[in-house]
Amino acid sequence: MIYLDNNATTAVAPEVTEAMLPYFGDIFYNPSSMYECAKTAAAALKEARHVIASALGVRDDEITFNSCATESINTAIRGAAAANPKRKHIITSVVEHPAVLEVCREMARNGYEVDYIGVNEKGEIDMRQFVRALRAHETLMVTIMHANNETGVLFPIAKLATLTKQLDAQILFHTDATQSVTKMDIDLSADGYEHIDMLSFSGHKMHAPKGIGALFMRQKTPCRPFLLGGHQERGKRAGTENLPYIVGLAKAFEVAAADKAAEFRIERMRNRLERGLLDIPYIVVNGRGAERLPNTSNVSFHAIEGEGILYQLDLEGIAASSGSACTSGTLDPSHVLQAMHVPFTAVHGSIRFSLSRYTQPEDIEHVIKVMPGIVERLRKLSPFWDKDASEPLITDAEHLQAARIEAAKKAASVVGR
Ligand code: PLP
């Protein structure tokens, strides 16, 4: 199996499994218990928190463990609202993960006003719209993702947080960094980043298990806890800590830090994949030209269905995805690609390839080898493909013209080789 769906979830690293095992066995104790042997558990919890806090450039007591990024995000938004009920305005973006969008919709049902900031064709945030949306003394919080899960496009969170605080230091800035943490360096003490109040992430995107996440919350951030009960996590998140998984999460940070070169290896493979695929006519790499995560490539194949491509890839032993894992259960086109104005006949034929440090160059070569045949077979069956002209039947003339120019350039470069 060639696994290129790492933005959906990742394989647990062997080092992570090994680090967790003792905590399923001999060291099973509740870290809050007072007796001597439970102190090993409490020490492991403390150490794990320290490893993660240091990696992010924050204080240990600013990290709260929980179950997943979705819980972190819910805590950040609902907790901020509960702590400051006078402010009723939230700013987010149109391309957020449903973990943010659904909470914002719920907030709107409860009387909040939500502004959704748009993106351009490369998936970059509209800075002017963002600045215009900020309201001194009214905006409760900004919640804007760091890296988009579908395209890998990065938003300039330090800049956005700085602009926010320049207008009104009381507006909270939260970022969903589920896709970027450990895939790239994030130092929350660095210039601009010190304005970020809250940051959410999840273990299963970074080779730790599913079911563990964390919320960074800067000291004194006004935010009510989401789960009430025991006094774990300094009262910020009740419930006995999932110690094995917390140890695993910390190990995942350590493993990532020990192999910094992985980022460049992965980016080289991703770029090679895109260069190889771009030899196929009428395809678009969504988000190309924008700053992106090194591991993500979102490619639209004009005139064919993503689901068909996925099925054919599966037959070849390749796992990828046609949108975010949570929304790919429906045939609706991706809200992210629609926001980027990807044309109609391309938006349905989008595939996300997401690599990891376990991806091998030969995996990429295999995809490049099989993809032209898959595309050709599916286009022959497609009602959106003009078989005589060998081009898509696009209604949007402008996009067709751009695609033709691109195809002509490619043909010229092949002749010139
Ligand atoms: N945010 C982003 C950007 C994601 O990609 C995901 C998962 O795909 C989530 C949030 C939700 O993560 P979890 O399933 O760990 O709650």
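A residue is called buried when its relative accessible area is under 20%, exposed when that area is over 50%, and partly exposed in between. The exercises below apply this to a predicted model.

**Exercise 1. Backbone angles in two loops**

Determine where H137 and T182 lie, what the sign of phi is in each, and whether each is buried, partly exposed or exposed.

*Solution.*
Step 1. Begin with the background expectation, which is that most residues other than glycine have a negative phi.
Step 2. Turn to T182, whose phi is near 75 degrees, a positive value in a residue other than glycine; T182 is placed in the loop between β6 (172–176) and β7 (198–202). Its relative accessibility is 26%, so T182 counts as partly exposed.
Step 3. Treat H137 likewise: it is not a glycine, yet it has a positive phi of about 65 degrees, and it belongs to the loop between α5 (127–133) and β5 (139–143). With a relative accessible area of 66%, H137 is exposed.

**Exercise 2. Aromatic pairs**

Find how many aromatic pairs the whole structure holds, and classify the geometry of the pair F28 and Y29 and of the pair Y282 and W385.

*Solution.*
Step 1. Searching the whole structure gives 5 aromatic pairs.
Step 2. For F28 and Y29, the ring centres are 4.4 Å apart and the planes stand at 35 degrees, so this pair is tilted. The cut-offs behind that step are that planes under 30 degrees apart count as stacked and those over 60 as edge-to-face, with the rest tilted.
Step 3. Consider the surroundings of these two rings: F28 counts as exposed at 58% relative accessibility, whereas Y29, at 22%, is partly exposed. Ring pairs join F28 and Y29 with Y35 into a cluster.
Step 4. For Y282 and W385, the centres are 5.9 Å apart and the planes are at 75 degrees, so the pair is edge-to-face. Because Y282 sits in the loop between α8 (262–277) and β9 (283–286) while W385 sits in strand β13 (residues 385–386), the pair ties together parts that are 103 residues apart in sequence. Both Y282 and W385 are buried.

**Exercise 3. The surroundings of G57**

Locate G57, and list which residues it contacts once its neighbours within four places in sequence are left aside.

*Solution.*
Step 1. G57 is found in the loop between α2 (38–56) and β2 (63–66), and its relative accessible area of 31% makes it partly exposed.
Step 2. With those sequence neighbours left aside, the contacts of G57 are D187, L188 and S189.
Step 3. A further C-alpha separation can be read for E194, which is 137 residues from G57 along the chain but 9.6 Å from it between C-alpha atoms.

**Exercise 4. The protein as a whole**

Describe the secondary structure, the compactness and the balance of charged side chains.

*Solution.*
Step 1. The secondary structure comprises 13 helices and 14 strands.
Step 2. The radius of gyration is 23 Å, close to the 22 Å that the globule rule gives for 417 residues, so the protein is as compact as a globular protein of that length. Taken along the principal axes, the C-alpha atoms fill a box of roughly 75 × 50 × 35 Å.
Step 3. Of the 417 residues, 54% are buried, and among contacts with a separation of 6 or more, 75% involve residues 24 or more positions apart.
Step 4. The side chains include 45 positive and 51 negative ones, and the centres of the two sets lie 2 Å apart.

Definitions and conventions. Residues are numbered from 1 along each chain as its sequence is written. This is a predicted model: local features need pLDDT of at least 70, side-chain atom pairs count only at pLDDT 80 or more; totals for chains, interfaces and linings use all residues. Side-chain values use heavy atoms; hydrogens and water are left out. Rings of Phe, Tyr and Trp (its six-membered ring) pair if their centres lie within 6.5 Å; planes under 30 degrees apart count as stacked, over 60 as edge-to-face and the rest as tilted. Buried means under 20% relative accessible area, exposed over 50%, partly exposed in between (1.4 Å probe, protein chains only). Helices (H or I, at least four residues) and strands (E, at least two) are DSSP runs, numbered from the N terminus. The radius of gyration is taken over C-alpha atoms; the globule rule is 2.2 Å times the number of residues to the power 0.38. Contact means heavy atoms within 4.5 Å. Lys and Arg count as positive and Asp and Glu as negative; His and the chain ends are not counted. The place of a charge is taken as NZ of Lys, CZ of Arg, CG of Asp or CD of Glu.
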